[in-house]
Number of protein chains: 2
Amino acid sequence: MVRGRICRLLVRDVRFSTSLGGHGSDAMHTDPDYSAAYVVLETDAEDGLKGYGLTFTLGKGTEVVVCAVNALAHHVLNKDLRDIVGDFRGFYRQLTSDGQLRWIGPEKGVVHLATAALLNAVWDLWAKQEGKPLWKLLVDMDPRTLLSCIDFRYITDVLTEEEAYEILQKGQVGKKEREGQMLMHGYPAYTTSCAWLGYSDDTLKQLCTEALKDGWTRFKVKVGADLQDDIRRCRLIRNMIGPEKTLMMDANQRWDVPEAVEWISKLAEFKPLWIEEPTSPDDILGHAAISECHNRVIFKQLLQAKALQFLQIDSCRLGSVNENLSVLLMAKKFEIPVCPHAGGVGLCELVQHLIIFDFISISASLKNRMCEYVNHLHEHFRYPVVIKKASYMPPKDAGYSTEMKEESVKKHQYPHGEVWKKLLAAQEN
Amino acid sequence: MVRGRICRLLVRDVRFSTSLGGHGSDAMHTDPDYSAAYVVLETDAEDGLKGYGLTFTLGKGTEVVVCAVNALAHHVLNKDLRDIVGDFRGFYRQLTSDGQLRWIGPEKGVVHLATAALLNAVWDLWAKQEGKPLWKLLVDMDPRTLLSCIDFRYITDVLTEEEAYEILQKGQVGKKEREGQMLMHGYPAYTTSCAWLGYSDDTLKQLCTEALKDGWTRFKVKVGADLQDDIRRCRLIRNMIGPEKTLMMDANQRWDVPEAVEWISKLAEFKPLWIEEPTSPDDILGHAAISECHNRVIFKQLLQAKALQFLQIDSCRLGSVNENLSVLLMAKKFEIPVCPHAGGVGLCELVQHLIIFDFISISASLKNRMCEYVNHLHEHFRYPVVIKKASYMPPKDAGYSTEMKEESVKKHQYPHGEVWKKLLAAQEN
């Protein structure tokens, strides 16, 4: 089924000026412009299908990720797609272990984000050629093929390929029913859109009221900049949503370990289900509860050290579907609920595929599980998420939902797109 | 004393074609072209002094680091040097916690390497303006000023500023004598130049013979690609150097944890003092012995977890002198000997300053301590290292020894320098 030689790779720097409205603001990122390094792959196949991939960034530095995608491009160009997906583990290893490029990573930061953008495009292309949404491609794939996409390097001490195979085999039981359940009810979501740090109390109240009206029952609030401010905001939200609904908090790496312990004790009265990213993402031993990480080796240790109670995967920080698969399998082994990170640019569109697949084929449980949702920038995507009754409805279109509207891309390209030309000119005046 | 506004920042991509001779080759990096992103800072002061800084890379990807330096440049340009070093902690924080750029790090990979190159240039400039070699600038600096260069974020659970102050105060005792000792005898070094993985047995024998003749007593060998090959090479070296001399091994992140345990047990008969980088640099819990890391948060945990017996700092992977200071202080608290990583491009030139300062002002001990040495590319530096009787002699010229010869830079600039023009033309034919 898979066909064509990759004959063109285009990567673009696309930025949305979200900082103007305080959207996405938190204790460490006060003025993010939600952005993406956006990759398009073309093949010489006659079907004309293209693969779209992206990684999420915060504005400045997107050009650095674009530069890294170009540095990796020679691994992709002129490759036959059959050879790539036929030995996807080998291809993943080639990208992440390039003898010269791995020095400026390895498997972290800029080069890993670039790897994610590239591989996300490959997965999108593969799913499109198979005529399936990505989650369905994964659900229908036989376990051995699935495992052949995963690089087990550095994790075999907690998960061998045979153990992973057993987990997937067990996941076959009841798969059809769970797929039906997803198609009917979708995957439970929570919203982060009401309580960015830069929002005024009035905005917060208004958004909270609307969200409650729309049926949301789970809310996340940004904290960490000022304790008194946090207490006031958390009280306000807890009062509005009542004692039964779920509240999460996110400190975005703001605290040192002792500071985190003290701060969290002051916020405990508002009964958060979790406190996300209390400190440095590199600090495994310092974590009592933790969030997204940059690769499977970090996740492995967080699981080993019992340093997390919820595991938040990310579709664009980890090495695409390949590395996320290994983390989903480790989470299953340790029986830790996966609650994906989303929002940004396209993160909701992408990660819904992974978590729906996880439910159908791996975790088989919704207990304590939900997927983050943020309600902006979806209008720029060709296949935007569909939320019904605070749940993600499984995508029906073929691919990884990564494709953006060409018009949006053109307008928001940095620095020469129409939007940025105006903004930059205004800044100069 | 400090003066001038930074009015120009130039960054260049300089590459040496070391892969042609197998120099620098190891189990994970089979064909490195030792390279650097090389920064030059100019001020508007009348002294005409410039600050030179670099970070080490392996060829491909240097352009990505150059791009990241440019992304950080606005934090440096038009700043008064007095303001920078007067609040160096704040300046460090500004570079590493830029609200948009930290997303593509934070404090790791490409952006952290770029930060190191920039800050190394600032330190070089500062030391030059003071008319002192960097190690002497640090030795003479009062403890409070020294500490004001360190960002304690994320490490206060193991080292507070007050504890660090006490360590430095204690280090005052006997300082003069230790400085005299350094000036007389230098800092003990070990050599990695004899046994790169790509060298033939004959080359290895010849280089080992020469090194013994030159008075070297400590040797490092690269391992990890093939066990039988490793056994043969380690036996050869151990036989040549005899049972009393010191042998270290370096696997450069080649193994999974179980694989490392098995492999190491097979090499134990050759009595290595340490096995460096047996597995992923991110794997704290998996390490029995470990090596260089990407930031102070990782080092903190390695110390907490007692996962290392030797600590190898790096002048270009960590955030310059600032972050290395925090690691040296933590190592002192945990009484772990520091044996710096060197080699590459300029790493010997830079790190000698740090380890000589460490001996004089912090560790006050040479027990189990030595600094790596590799004997190539020094000819491109204006103030190359001086080795006497297998020891680093303290640099006497003002600055951080970071300045390269302009002629070398021009020739090796990628891709338009003379050397690369020829090589790339030859590749095309």
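**Exercise 1. Work out the order of the strands in the open sheet of chain B, and find which strands stand at the edges.**

Solution. This is a predicted model, so let's treat it as such and start with the sheet. The open sheet has 3 strands, in the order β1-β2-β3 of chain B, and the pairing is antiparallel. Next, look at the partners: β1 (6-15) and β3 of chain B each have a single partner strand, so one side of each is left without a neighbour in the sheet, and these two are the edges. As for the twist, neighbouring strands are turned by 15 degrees against each other on average, direction ignored.

**Exercise 2. Zoom in on β2 and β3 of chain B: how many bridges join them, and which residue stands opposite B:Tyr38?**

Solution. Count first: β2 (residues 35-43) of chain B is joined to β3(B) by 8 bridges, with the two running antiparallel. Then pick out the pair: B:Leu54, in β3(B), is what B:Tyr38 faces.

**Exercise 3. Describe how chain B meets chain A, going from area to individual residues.**

Solution. Start with the contacts: 62 residues of chain B touch 62 residues of chain A. Together the chains bury about 5300 Å², and carbon and sulfur atoms give 56% of that. Who pays the most on the chain B side? B:Lys60, B:Gln100 and B:Trp103 supply 17% of the area that chain B buries against chain A, more than any other three residues.

Now for the polar side of things. The rule finds 2 salt bridges across the interface. B:Asp98 forms a salt bridge with A:Lys60, and their closest N and O atoms are 2.7 Å apart, which fits the 4 Å cut-off. Polar contacts add up to 26 residue pairs, both members at pLDDT 80 or more.

Which elements of chain B are involved? β3 (50-57), α1 (62-72), α4 (109-130), α11 (257-267) and α12 (296-304) each supply at least two residues of the side that touches chain A. The largest share, 6 residues, comes from α1(B). By class, that side has 27 nonpolar, 19 polar and 16 charged residues.

**Exercise 4. Track down the unusual backbone spots: where are the cis peptide bonds, and which loop holds B:Lys271?**

Solution. In chain A, a cis peptide bond joins A:Tyr414 and A:Pro415, with omega about 0 degrees. A:Pro415 sits in the loop between α15 (406-412) and α16 (418-428) of chain A. In chain B, B:Tyr414 and B:Pro415 are joined by a cis bond, again with omega about 0 degrees, and B:Pro415 is in the loop between α15 and α16 of chain B.

Last stop: B:Lys271 isn't a glycine, yet its phi is positive, about 50 degrees. You'll find B:Lys271 in the loop between α11 and β7 (272-276) of chain B.

Terms used
Residues are numbered from 1 along each chain as its sequence is written. Chains are lettered from A and ligands numbered from 1 in the order in which they are written. This is a predicted model: local features need pLDDT of at least 70, side-chain atom pairs count only at pLDDT 80 or more; totals for chains, interfaces and linings use all residues. Side-chain values use heavy atoms; hydrogens and water are left out. Contact means heavy atoms within 4.5 Å. Buried area is the accessible area (1.4 Å probe) that two parts lose on being put together, summed over both. A salt bridge is a side-chain nitrogen of Lys or Arg within 4 Å of a carboxyl oxygen of Asp or Glu. A polar contact is a pair of N or O atoms within 3.5 Å; within protein, one must be able to donate a hydrogen and the other to accept it, and residues adjacent in sequence count only if both atoms are side-chain atoms. Helices (H or I, at least four residues) and strands (E, at least two) are DSSP runs, numbered from the N terminus. Ala, Val, Leu, Ile, Met, Phe, Trp, Tyr, Cys and Pro count as nonpolar, Asp, Glu, Lys and Arg as charged, and the others, Gly among them, as polar. Two strands pair if DSSP finds at least two bridges between them. Axes are lines fitted to C-alpha atoms, for helices over the stretch in contact, and angles run from 0 to 180 degrees between N-to-C directions.
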